[in-house]
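Trainee: I would like to go through this chain with you. May we begin with the overall fold and then turn to individual residues?

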Amino acid sequence: MQLLLIRHALPELVTTSGVRADPALTEEGHAQAKRLPAALAPYRIARIVSSPQRRALETAAPVAEALNLPVTEYVGLAEYDYDLDHYIPFHEAEARAPEAYARIRAGEFPKSVDADAFRTRVFDSLGRIVDESGHEDTVAVFAHGGVINVFLQELLGLDRPLVFPIEYVSVTRVLVSRSGERRVASVNETGHVRDMLRR
């Protein structure tokens, strides 16, 4: 089977909400997400799964509509910032949260993250998705940069959890054999939004 790990599109800034922040996509983010049905057309997608966070669900929506498939939510695919009352898009983080930005740029989680708990729920959810899918299935997984990175860290034996600068609406492909072996086929494919990437 094949997992298509797709990062959400560009979300809004939420400075403080008093509750768990759950930003929607920006207008630019919706434009990015609309590129995905054509970009994913070569794949015979059998299932669509997503983080429960709004930015992932809104990114999945155009693909779900194009393929007439439901979106199944897995809370374990939520980002490591799931319980925070604010959300800062990464291109604004250097100015608004310089300490966290520096750690992420260095490939490390912000200090507030329980890394072991995050890894456990990500791996458990991705394992369930594999177990619940057919051997010939391609599954579109709409998630987050941290989720994709920790999975790649495990598969590639990397020493830091946030090595790859996973772009908005990028596609990372992981192949799963009948024996359960996982192999990374590609990382951070962005040809479908080349003209929309932030420099």
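Mentor: The discussion below moves from the fold to the sheet, the cores and two helix residues. Please note that this is a predicted model.

Trainee: How many helices and strands are there in the chain?

Mentor: The chain holds seven helices and six strands. Read from the N terminus, the elements run β-α-α-β-α-β-α-α-α-β-α-β-β.

Trainee: And how does the radius of gyration of the chain stand against the globule rule?

Mentor: The radius of gyration is 16 Å, close to the 16 Å given by the globule rule for 199 residues, so the chain is as compact as a globular protein of that length. The C-alpha trace spans about 45 × 35 × 30 Å along its principal axes.

Trainee: What share of the residues is buried?

Mentor: Buried residues account for 49% of the 199 residues. The chain exposes about 9800 Å², and carbon and sulfur atoms supply 47% of that area. As for contacts between residues at least 6 apart in sequence, 69% join residues at least 24 apart.

Trainee: Let us turn to the sheet. What is the strand order?

Mentor: The six strands form an open sheet in the order β3-β2-β4-β1-β5-β6, and the pairing is mixed. At the edges are β3 (71-73) and β6 (182-189), each of which pairs on one side only. Neighbouring strands are turned by 20 degrees against each other on average, direction ignored.

Trainee: Which strand runs parallel to β1, and which antiparallel?

Mentor: Strand β1 (residues 2-7) runs parallel to β4 (residues 138-143), to which six bridges join it. Five bridges join β1 to β5 in the antiparallel sense. One bridge partner on each side can be named: Leu4 is matched with Ala140 in β4, and Leu5 with Thr172 in β5.

Trainee: What about the other side of β5?

Mentor: There β5 pairs with β6, antiparallel, over five bridges. Arg173 stands opposite Ser186 in β6. The two strands form a hairpin with five residues between them, and Gly180 in the turn has a positive phi of about 95 degrees.

Trainee: Why is β5 said to be largely enclosed?

Mentor: Five of its six residues are buried, so β5 is largely enclosed by the rest of the structure.

Trainee: Which helices lie on the sheet?

Mentor: Helix α3 (residues 54-67) lies across β1, β2 (45-50), β3 and β4, and runs at about 160 degrees to β2. Helix α6 (residues 115-131) also packs on the sheet, where it touches β1, β2, β4, β5 (171-176) and β6. The direction of α6 makes about 140 degrees with that of β1.

Trainee: On to the interior. Which residues have the most contacts inside the largest nonpolar core?

Mentor: That core has 27 residues, and those with the most contacts inside it are Leu3, Leu5, Leu77, Leu126, Ile129 and Val141. At least two residues of the core come from each of β1, α6, β4, α7 (145-156) and β5. Helix α6 gives the largest share, six residues. Apart from this core lies another, of 19 residues, among them Ala9, Ile45, Ala64 and Val193.

Trainee: Leu77 caught my attention. What does Leu77 touch?

Mentor: Leaving out residues up to four places away in sequence, Leu77 touches a set of residues including Val49, Arg121, Leu126, Ile129, Val141 and Val147. Polar names occur in that set too, among them Ser50, Ser125 and His144.

Trainee: Now for helix α3. Is Val63 buried or exposed?

Mentor: Val63, which is located in helix α3, has a relative accessibility of 2% and therefore counts as buried. Setting aside neighbours within four places in sequence, Val63 is in contact with Leu36, Pro37, Leu40, Ile48 and Phe142. The C-alpha atoms of Val63 and Ala39 are separated by 9.8 Å, and these residues are 24 apart along the chain.

Trainee: And Glu58: buried or exposed?

Mentor: Glu58 also belongs to helix α3. Its relative accessible area is 16%, so Glu58 is buried, given that the cut-off is under 20%. Residues up to four places away in sequence not counted, Glu58 touches Ala24, Leu25, His30 and Ala33.

How values were computed. Residues numbered from 1 in each chain as written. Predicted model: local features only at pLDDT ≥ 70, side-chain atom pairs only at ≥ 80, totals over all residues. Heavy atoms only, no water. Pairing = 2+ DSSP bridges. Helix = DSSP H or I, 4+ residues; strand = E, 2+ residues; numbered from the N terminus. Axes fitted to C-alpha atoms, helices over the stretch in contact; angles between N-to-C directions. Contact = heavy atoms within 4.5 Å. Rg over C-alpha atoms; globule rule 2.2 N^0.38 Å. Buried < 20%, exposed > 50% of the residue type's maximum accessible area, 1.4 Å probe, protein only. Areas by Shrake-Rupley, 256 points an atom, 1.4 Å probe, with all protein chains shown as cover. Core = buried A, V, L, I, M, F, W, Y, C linked by side-chain atoms within 4.5 Å.
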